[in-house]
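I opened my notebook to look at how the strands and helices are arranged here. My entries follow, in the order I looked things up.

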Amino acid sequence: IVAIDVCTGSVLGFYLTEKVDTAAIKQCLLHCFMPKTYIKKMYPKVKYEWPSFGIPQEIVLDNASSNESYDLQDACKTYGIDIQYCTVASGHQKGVVERFFRSLNQAIIHCLPGTTFSNVQEKGQYDSIGEACITIQGLYSILHIIIVDNMVNGWSHSRNGVPAQLWRKSLEENPELELRLPSNKKDLQIVMGGGLEHRKVSK
């Protein structure tokens, strides 16, 4: 799951998961909120900084059922985030995210042992599960290198600039867009780590 600032093209945060549900989306939002101060310590091979963070004013989601949950709506309402939904069958409205995943797949995923390839014909008899040989920690390290060094701090042809530089420039030129951070860490852990659901009261 990934969140991208459409204006600058800077990735705000991501979350690696096998199951896309409300809890996973909230973890991605949590990664967006917080400054990426952990990178130099946890991933020393990452060359550049990841400057983009903060609570967004608005997020745009597709129409998956996990995106329309009461739990997610409550979390966003708590932090003053407006939710907009793409119209049904509108792939063109998700071009920024689709390009991100295509670039990510081309850069690393399809180069690693165990790739599932982009189509069945290309895969053929290749044993993706049998050939897979990377740990989740290794994948996280590779993802940070690609996202921070190549995407956030690399040249964007579509925006004619470097997303990290555009992010900083945008904040300098628009001081009213101050970075919003959660005011209370404990409340943040409860809202983003817990879960809510509607239930009917019975006897």
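In which sense do strand β3 and strand β4 pair, and over how many bridges? Before answering, I note that I am working from a predicted model. I find that β3, residues 58-61, and β4, residues 82-85, pair in the parallel sense over four bridges. For the register, I looked up E58 and found D82 in β4 as its bridge partner. I then followed the chain from β3 to β4: the path goes through α3, and this β-α-β crossover is right-handed.

Next entry: the other strand pair. I see β1 (residues 2-4) and β2 (residues 11-14) paired in the antiparallel sense, with three bridges. V2 stands opposite F14 of β2. The hairpin of β1 and β2 has six residues between the strands, and there I noted G9, which takes a positive phi near 80°.

Last entry: the helices. I checked α1 (residues 22-33) against α3 (residues 70-78), and their axes come within 9 Å and cross at roughly 20°. Angles under 35 degrees count as roughly parallel, and α1 and α3 are therefore roughly parallel to each other. I recorded their crossing as right-handed. Which residues make the contact? From α1 I listed T22, I25, K26 and L29, and from α3 I listed D71, L72, A75 and C76. Sorting the residues of this α1 and α3 contact by character, I get five nonpolar, one polar and two charged.

A note to self on α3: this helix lies on the chain's path from β3 to β4, and its D71, L72, A75 and C76 take part in the contact with α1.

Terms used. Residues are numbered from 1 along each chain as its sequence is written. This is a predicted model: local features need pLDDT of at least 70, side-chain atom pairs count only at pLDDT 80 or more; totals for chains, interfaces and linings use all residues. Side-chain values use heavy atoms; hydrogens and water are left out. Axes are lines fitted to C-alpha atoms, for helices over the stretch in contact, and angles run from 0 to 180 degrees between N-to-C directions. Helices (H or I, at least four residues) and strands (E, at least two) are DSSP runs, numbered from the N terminus. Angles under 35 degrees count as roughly parallel, over 145 as roughly antiparallel, 65 to 115 as roughly perpendicular and the rest as oblique. A crossing is left-handed if the near helix is turned anticlockwise from the far one by less than a right angle, and right-handed if clockwise. Contact means heavy atoms within 4.5 Å. Ala, Val, Leu, Ile, Met, Phe, Trp, Tyr, Cys and Pro count as nonpolar, Asp, Glu, Lys and Arg as charged, and the others, Gly among them, as polar. Two strands pair if DSSP finds at least two bridges between them. A crossover is right-handed if, with the strands pointing away from the viewer, the path from the first strand over the helix to the second runs clockwise.
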